[in-house]
Amino acid sequence: MSASDNPAGVVTRFAPSPTGFLHIGGARTALFNWLFARHHGGKYLLRIEDTDRARSTEPAIAAILDGLDWLGISGDGEPYFQSQFEARHAEVAHQLIERGAAYRCFLTQEELAARRALAQAERKPFRIRSEWRDRDAGEAPADTASVIRLKAPLDGTTAIDDLVQGRVEVANAELDDFVLLRSDGSPTYMLAVVVDDHDMGITHIIRGDDHLNNAFRQLGIIRAMGWREPTYAHVPLIHGPDGAKLSKRHGALGVDNYRDDLGILPEALFNYLLRLGWGHGDDEIISREQAVAWFDLDHVGKSPSRFDFKKLENLNGHYIREADDARLAELVAPRLGVDAAGTELLVKAMPELKARAHDIGQLADGAQFLFATRPLELDEPAAALLEGDGRTLLRAAHEALGKLAAWDHGALDSAVRQVAEAAGVKLGKLAQPLRAALTGRTTSPGIFDVLALLGQGESLGRIADQMEPNA
């Protein structure tokens, strides 16, 4: 079945394992599933695959849910937890035995290890070929532990018509009789995923292409149970700038790191992940509404995409410039530890601050001068601007600015320009030491904006602090 056959019935899912943070590849998988469901008017479900009790943690679950919520791609309804359905998974395993599609296997760990070692010695792939496949389980010694294995097909091929990869075939001889139910009665990942997808009514499985081999094995369960086969779409993985699989050495981080540490806005990461392996002509800036309207799987590339941090940073800069000033001020305020009054000042300063910032951290860094305490500690390049005639120009500016009755852009512009003309220098020659004295740095918003934001008293005080050497 294709999406066009039954668009209203599309159901997708994102099924992360809560053994760590929501990594960037998982976030893109979730996004593609969310978009495909939204585009077709279907449902997008979230399933937490927490059957690995030893490694699944509550903080990891919370981080995944928080990251999805921040990106605006939370699941429809409450999330499913795979561990709640273990009895159902076991039930299906026993049904497969009844159908003659699975069997109890009594091979010991020692026997399996010996066969694995033999395959390695002979340089052959290790495939489970258990004599218990066609042997009566009643012949097993009493109290011997067993697993339940699927009877994989022995001949022919299994084919998948993948919406991204195209038609892919594998020889059934490559598939072995994998375990469905462990000796302690717990289900394996392979069984649990198939049962859950069926019971949740999943129609389209969109996931990384590292799961493509799993699909051939999972089809064995689906066909043995006589269930409807889902439509598969296996998306190429994300690679680092060097073309290798994205990893920690490339700076691969969790979604929360992009938000909290790198200062990325959710709409920027949403847009960037959307374009990471999918395209709509030459469009780079794509809104959420456009993404829902345009998204399809036909334009997902077959080759891995490369993560470009610089491109994400530039895209984030665009969304910062488009963002509401009050919203940005609320994001910056905690980084600076300022109160409500300080946040109001940030709102006033934001039009100038955001013009040159690429992330929230840069916004906070650019706003630090507003809350600096006197006397300012100038960095080395700023201090150098006060050498020569810098302090002479400061004294002249201090005198002229101190006489102003109005402290607005017009009055400030006029006064500073008059000082520059009287000194026989260009405006920039005066603006540089002024900026150094007012902010402690060589870069800042426009000098008249800095003066206006600081106010007359604070501005004159900061200038006076730097009018004499070693102030």
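This note comments on the pockets, the helix packing and the sheets of a predicted model.

1. The largest pocket. The largest pocket of the model has a volume of about 880 Å³. Its lining comprises 33 residues, and those closest to the pocket centre are H23, G25, G26, D210 and H211. In terms of residue class, this lining consists of 14 nonpolar, 11 polar and 8 charged residues.

2. Elements around the largest pocket. Strand 1 (11-14), helix 1 (24-39) and strand 9 (204-208) each contribute at least two residues to the lining of the largest pocket. The largest share is that of helix 1, which supplies 6 residues. Helix 1 also lies across strand 1 and strand 2, and it runs at about 165° to strand 1. An angle over 145° counts as roughly antiparallel, so helix 1 is roughly antiparallel to strand 1 at about 165°.

3. The parallel sheet. Strands 1, 2 and 3 form an open sheet in the order 1-2-3, with parallel pairing. Strand 1 and strand 3 (80-81) are the edge strands; each has a single partner strand, and therefore one side of each lacks a neighbour in the sheet. Strand 2 (residues 43-48) and strand 3 run parallel and are joined by 2 bridges. In this part of the sheet, R47 stands opposite Y80 of strand 3.

4. Helix 2 and the parallel sheet. Helix 2 (residues 58-71) lies across strand 1, strand 2 and strand 3. Its direction is at about 160° to strand 2. By the same cut-off of 145°, helix 2 is therefore roughly antiparallel to strand 2.

5. The antiparallel sheet. A further open sheet of 3 strands has the order 4-5-8, and its pairing is antiparallel. Strand 4 (102-105) and strand 8 (179-181) form the edges, each pairing on one side only. From one strand to the next, the twist averages 45°. Strand 4 and strand 5 (residues 147-150) run antiparallel and are joined by 4 bridges. A102 stands opposite L150 in strand 5.

6. The second largest pocket. About 400 Å³ of space lies in the second largest pocket. It is lined by 22 residues, of which D365, G366, Q368, F369 and R441 are the closest to its centre. Helix 12 (340-353) and helix 13 (360-367) are the elements that give two or more residues to this lining. Helix 13 provides the largest share, 4 residues. The lining divides by class into 9 nonpolar, 7 polar and 6 charged residues.

7. Packing of helix 15 and helix 17. Helix 15 (residues 390-402) packs with helix 17 (residues 427-439) at an angle of about 85°, and the two axes are 9 Å apart. Helix 15 is therefore roughly perpendicular to helix 17. On the side of helix 15, the contact is made by G390, L393, L394 and A397. On the side of helix 17, K429, L430, P433, L434 and A437 take part. The residues of this contact comprise 7 nonpolar, 1 polar and 1 charged.

How values were computed
Residues are numbered from 1 along each chain as its sequence is written. This is a predicted model: local features need pLDDT of at least 70, side-chain atom pairs count only at pLDDT 80 or more; totals for chains, interfaces and linings use all residues. Side-chain values use heavy atoms; hydrogens and water are left out. On a 1 Å grid over the protein atoms alone, a cavity is a set of points where a 1.4 Å probe fits but cannot get out, and a pocket is an open set with protein on both sides within 12 Å along at least five of seven lines; lining residues have an atom within 4 Å of a point. Grid points are joined across faces, edges and corners, and a volume is the space filled by probe spheres set on the points. Ala, Val, Leu, Ile, Met, Phe, Trp, Tyr, Cys and Pro count as nonpolar, Asp, Glu, Lys and Arg as charged, and the others, Gly among them, as polar. Axes are lines fitted to C-alpha atoms, for helices over the stretch in contact, and angles run from 0 to 180 degrees between N-to-C directions. Angles under 35 degrees count as roughly parallel, over 145 as roughly antiparallel, 65 to 115 as roughly perpendicular and the rest as oblique. Contact means heavy atoms within 4.5 Å. Two strands pair if DSSP finds at least two bridges between them.
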